[in-house]
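Reader: Please set out the main features of this model as a series of questions with reasoned answers.

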Amino acid sequence: MLLPYGDLMMVLSTVLRIKRTLDAAEIDEIILDVETQNALAMEHRRRAEWRKSELEAARFRAECEPFPAARLRTCSHDQVS
């Protein structure tokens, strides 16, 4: 049940070992800090994935664009006889 909150449990246990006691306000503050750090890390990962997608799309676009000389040249099957 607590497995998804392992990082929070580790932080709480570490702070509790140091301070020996925690009141409700301190526990709430620790929870808020850990959740904020997790959300920030998730947002950083999301933005990094987005940047990677943009770079891959730009690379794909560059590979797919025809060369200017190829646009000017016509093939024999394109000419009307």
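Author: A salt bridge is a side-chain nitrogen of Lys or Arg within 4 Å of a carboxyl oxygen of Asp or Glu. The model is predicted, so local features need pLDDT of at least 70 and side-chain atom pairs pLDDT 80 or more, whereas totals for chains, interfaces and linings use all residues. Residues are numbered from 1 along each chain as its sequence is written, and side-chain values use heavy atoms, leaving out hydrogens and water.

Reader: How many salt bridges does a search of the whole structure find?

Author: Side chains of opposite charge can pair when their charged atoms come close. A search of the whole structure finds such salt bridges, and their number is three.

Reader: Which residues are linked in a network of salt bridges?

Author: R46 bridges to E43 with the closest N and O atoms 2.6 Å apart, and R47 meets E43 at 2.8 Å, N to O. Both pairs lie in helix α2 (helices are DSSP runs of H or I, at least four residues, numbered from the N terminus); R46 and E43 are three residues apart, R47 and E43 four. The network therefore consists of E43, R46 and R47.

Reader: Is E43 buried or exposed, or partly exposed?

Author: Buried means under 20% relative accessible area, exposed over 50%, and partly exposed in between, with a 1.4 Å probe and protein chains only. E43 counts as partly exposed because its relative accessible area is 26%.

Reader: What is the N to O distance in the salt bridge of E26 and K19?

Author: E26 is partly exposed at 24% relative accessibility, and K19 is partly exposed at 43%. Their side chains meet in a salt bridge with an N to O distance of 2.6 Å.

Reader: How far apart are the end C-alpha atoms of helix α1?

Author: The expected span of a helix is 1.5 Å times one less than its number of residues. Helix α1 covers residues 6-19, and its 14 residues should therefore span 20 Å. The model agrees, with the end C-alpha atoms 20 Å apart.

Reader: Which residue follows α1 with a positive phi?

Author: Most residues other than glycine have a negative phi. The residue in question is not a glycine, yet its phi is positive at about 75°. Its place is in the loop between α1 and α2 (24-64), and it is exposed because its relative accessible area is 65%. The residue that follows α1 is R20.

Key. Helices (H or I, at least four residues) and strands (E, at least two) are DSSP runs, numbered from the N terminus.
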